[in-house]
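I opened this entry to look up the fold, the core and the ligand surroundings. My notes follow in that order.

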Amino acid sequence: MNRPLYIITGLVATTMLFAACTVDPNAAGVEYMPDMYRSPAPEAYVDYGSNKHLDWTQQMKDAAGVTPVLSRKPVAGTIPYTGSALTAQFVMPYPLNNTPEDYERAATEIKTPIFATEKNIEKGKLIYTRMCMHCHGKEGHGDGAISRNGFIEGIPDYATKLKDLPEGKMYHTITYGKGLMGQHASQLNQLERWQVIEYVKCLQQGVSTPEYENGMLKLAAAAPAASDSTATN
Ligand code: HEC
C-alpha cells in the first residue's frame, strides 16, 4: 500500500467518525439501514397500496363493478363474540322496530334479563344521575334542571303518571327515544339500559335511596292495614 492511499483511508475514516456524532445528546446519530432500528407500525384502516382499486377513477370502478373499501361493515345480523353465554344475551339485536305498534308489543314481549341486585341498581342510579337526572329530576318527578329552565316541559313523573309503565316500554323508549326524549342506545349498552331501568323502577315506587338485604333490593314492607276505627264490636 502506498502512502496516499493511507492518507485517503485515514481521512475517510475520520470523516465518518465525526459525521456519526451529533451535538444533540438525544439524537441517535446517523442511522444506516433505519428499518433495522424502527419496526414498521402499520395503522389499521390505512391503505399502504395493497388496495389497487383505490387509485382507480370512478369510471374504471364503474366499468369493473368494484367498490373500494378499506374496512368493511360486518354483515347485517352479525353478533359480536363476547366469550360467554351470560354476556352474549346483551349483544343480541333488539327484535322490535321503532313503530307505535312495536312500542305496545314491548309492554308484554320485552322482559328484563337481570335481577334487582344492589350491584345492578346502584350502577343504574349512577347512570341515572349522569344521564337522566337533568331532565327527569333527582327523585324522578320530571323536574330536572332542564325542565325547571323551561327548555323541555311536560316530563312525566315516574311515581304518578308512569307508575305502572312496564319495563319493556321503558326499554323501548330508552332504545329509540320518545317525544322530546332522544334515544340513548348509542350511549348505553343493553346491560346499562336494564340497570338504569332497575333504578327507575325504584323511583316508580317513590324510592330514590333503595335499601338492600343480602345484596338484593329490600322490598318495601306492605303498609299495615289501617285499623277500622268505625268497627263497633
Ligand atoms: C332531554 C331530556 C331527557 C333525558 C336526558 C332523558 N329523558 Fe326520559 N323522557 C323525557 C321526556 C320529555 C319524556 C316524555 C316522552 C313522551 O312520552 O313524549 C321521557 C320519558 C321517559 C320514560 C317514559 C317512557 C314511556 O314509554 O312513556 C322513561 C322510562 C324515561 N324517560 C327514562 C329515561 C332514562 C332512563 C333516561 C336516562 C338514560 C332518560 N329518560 C333521559 C326527557 C328526557
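I counted nine helices and two strands in the protein, taking helices (H or I, at least four residues) and strands (E, at least two) as DSSP runs numbered from the N terminus. From the N terminus on, the order reads α-α-α-α-α-α-α-α-α-β-β.

I noted that this is a predicted model, where local features need pLDDT of at least 70, side-chain atom pairs count only at pLDDT 80 or more, and totals for chains, interfaces and linings use all residues. Residues are numbered from 1 along each chain as its sequence is written.

I looked up burial next. Of the 233 residues, 15% are buried, meaning that 20 or more other C-beta atoms, placed from the backbone, lie within 10 Å of the residue's own.

I then looked up the largest nonpolar core (buried Ala, Val, Leu, Ile, Met, Phe, Trp, Tyr and Cys residues joined through C-beta atoms within 7 Å). This core has 18 residues, and Tyr-171, Val-196, Ile-197, Tyr-199 and Val-200 have the most contacts inside it. Helix H5 (118–131), H8 and H9 each give at least two residues to this core; the largest share, seven residues, is from H9.

I checked Val-196 by itself. Leaving out residues up to four places away in sequence, Val-196 touches Gly-124, Ile-127, Tyr-128, Cys-132 and Leu-188, with contact set at C-beta atoms within 7 Å.

Last, I looked around the ligand. Cys-132, Cys-135, Thr-173, Gly-179 and Met-181 come nearest among its 21 surrounding residues, each with a C-beta atom, placed from the backbone, within 6 Å. Helices H6 (133–136), H8 (167–176) and H9 (190–204) each supply at least two shell residues, and H8 has the largest share with four.

Technical notes: Buried ≥ 20, exposed ≤ 12 C-beta atoms within 10 Å, placed from the backbone. Contact = placed C-beta atoms within 7 Å.
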